[in-house]
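Reader: Please take me through the assignments made for this complex. For each term, I should like the value set beside its criterion.

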Protein chains: 2
Amino acid sequence: MNASPRRKELTRLAAQLFVQEGFDKTTVRMLAQAMGIKSGSLFHHFKDKQEILAAVIEEGTHNALAIARRTLESSPPDPEARLRAMARAHLETLFTDRNAHVVALFEWRRLDDDAKAHLSHLRDAYEALWVDVIDEALDAGLIHGDRFLVSRFVLGALNWTVRWYDPAGPRTPDDLADELVAMIMPLKRQGGL
Amino acid sequence: MNASPRRKELTRLAAQLFVQEGFDKTTVRMLAQAMGIKSGSLFHHFKDKQEILAAVIEEGTHNALAIARRTLESSPPDPEARLRAMARAHLETLFTDRNAHVVALFEWRRLDDDAKAHLSHLRDAYEALWVDVIDEALDAGLIHGDRFLVSRFVLGALNWTVRWYDPAGPRTPDDLADELVAMIMPLKRQGGL
DNA sequence: CTCTTACACTAGCGCTTGCTTGGTTACTCA
DNA sequence: TGAGTAACCAAGCAAGCGCTAGTGTAAGAG
């Protein structure tokens, strides 16, 4: 809804605190302090605490969707390249916008029903892009299996990386993406690295 | 620690509430009511709320580890069969003991440092079993890639199923396990179902 | 018949929570 | 210059929180 620069900055700070402490344990007083204001002033920017959570998740999901669309537009028609590009884009967003995405993945249940209904459309649109790319790979015979199962296994493997991946380590997100694609498409990998 | 039958039953009820409401939003009064006692009486069985969470997670992880060990013991030495058996066992525990495992996966951060240190040993032991099985499959040339990456991708894909799998649907957990194994090992699947 | 143990109760303390209210400040634009 | 507005603050309310203290009761052990 409202997208003032101030509100965007506050949303970013909130995302960080939600990741550090969890949504429920983050008090409006903590949020206010991190933002350099008093707790009462928070409610000038957000109707209630729920709306802050919704703003964080909406921001993250919206970005991910935009990046995925751009990635697919500027991607060649080759199914393997598109699959790899999607995996790379997914991990790239996941780790540049990490806080927002961790919140989206692990605090989703804290949303009230209205917010959930609204945001699940965004999420479904994102997953639909994945199912399309998986479909292309299936049609091309690169991978095998049920389109939904494969999509969900792949997304699960990718999303779970936020639980163990250390950006300071030797591996880049692109390395992870390539390894995953190689794992489900070993025929292409036989002679490679 | 203490494992009276009464306490086990209370732990089971707590797991259910923690899944429904989340740990932080589950009050000791809600827990007590679900158990048919008053909130004060709760603290006869558990030192504090934290200990209930730890009990839930310990119970679930302990079971998973026991089942995985039993599975591997009664499994033939064939790497493919062992991999499939582990995947099936993982999903089976995940969905028979679903509440405890959902709590373990998504409320881990709420544990205090001592409990985390204690329970991460259990979890690491479980993951080590997986790395072994993955290693065997790598050595046999069934799959390719980095042992840790493959283990984590596979565990991620499996754990993520709790987010979307519907036990009332047409597919059994064994179906899921077989599909996943087929996905990362397509050579074996070419002529099959 | 007493002592112990397990389990439960009532009552409430001290604190924190999300949020409201009524008023103040600083900036923008006619 | 003065009206309008966005951003903030001080103060605090009502509700709910985890947890404690002190007591009661029933069953089994000696």
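Author: The exchange below treats the conventions, the fold, the interface between the chains and the contacts with DNA.

Reader: How do you know which residues qualify for discussion?

Author: The model is predicted, so local features need pLDDT of at least 70 and side-chain atom pairs count only at pLDDT 80 or more, while totals for chains, interfaces and linings use all residues. Residues are numbered from 1 along each chain as its sequence is written, chains are lettered from A and ligands numbered from 1 in the order in which they are written, and side-chain values use heavy atoms, with hydrogens and water left out.

Reader: What makes up the secondary structure of chain A?

Author: Helices are DSSP runs of H or I of at least four residues, strands are runs of E of at least two, and both are numbered from the N terminus. By that criterion chain A has nine helices and zero strands. The C-alpha trace of chain A spans about 60 × 35 × 25 Å along its principal axes.

Reader: Why is the pair R84(A) and E80(A) called a salt bridge?

Author: The term requires a side-chain nitrogen of Lys or Arg within 4 Å of a carboxyl oxygen of Asp or Glu. For R84(A) and E80(A) the N to O distance is 2.8 Å, and the pair therefore meets the definition. Side chains of opposite charge can pair when their charged atoms come close. R84(A) and E80(A) are four residues apart in helix α5 (residues 79–96) of chain A, and so about one helical turn separates them. Over all chains the rule counts 25 salt bridges.

Reader: How do you know what symmetry relates chain A and chain B?

Author: Copies are superposed by least squares on the C-alpha atoms of residues with pLDDT of at least 70 in both. A turn of 180° and a shift of 0.1 Å along the axis lay chain A on chain B with an RMSD of 0.1 Å. The two copies are thus related as by a two-fold rotation axis.

Reader: What makes the surface through which the copies meet the same?

Author: Contact means heavy atoms within 4.5 Å. On that basis 37 residues of chain A are in contact with 37 residues of chain B. Of the interface residues of chain A, 100% are also interface residues in chain B, so the copies meet through the same surface.

Reader: What area is buried between chain A and chain B, and which residues of chain A lose the most?

Author: Buried area is the accessible area (1.4 Å probe) that two parts lose on being put together, summed over both. Here it is about 3,400 Å², with carbon and sulfur atoms giving 66%. On the side of chain A, F153(A), W160(A) and M183(A) lose the most area to chain B, together 23% of what that side buries.

Reader: Why is the pair D146(B) and R171(A) counted as a salt bridge?

Author: The closest N and O atoms of D146(B) and R171(A) are 3.8 Å apart, which is within the limit and therefore satisfies the rule. Three salt bridges are found across this interface. The side of chain A that touches chain B draws two or more residues from each of α1 (5–21), α6 (98–106), α8 (147–160) and α9 (173–184). The largest share, nine residues, comes from α8(A).

Reader: What makes a residue part of the surroundings of DNA strand C, and which come nearest?

Author: A residue is near a strand if one of its heavy atoms lies within 4 Å of it. Of the 16 residues around DNA strand C, T27(A), K49(A), R6(B), K38(B) and H45(B) come nearest. Among the strand atoms within 4 Å of the protein, 59% belong to sugar or phosphate and the rest to bases.

Reader: How do you know that R29(A) is in polar contact with a base of DNA strand C?

Author: A polar contact is a pair of N or O atoms within 3.5 Å; within protein, one must be able to donate a hydrogen and the other to accept it, and residues adjacent in sequence count only if both atoms are side-chain atoms. An N or O atom in the side chain of R29(A) is 3.0 Å from a base oxygen of DNA strand C, and the pair therefore qualifies. A polar side-chain atom of R6(B) lies 2.9 Å from a phosphate oxygen of DNA strand C.

Reader: Which residues come nearest to DNA strand D?

Author: They are K38(A), H45(A), T27(B), R29(B) and K49(B), out of 16 residues around DNA strand D. A backbone N or O atom of K49(B) lies 2.9 Å from a phosphate oxygen of DNA strand D.
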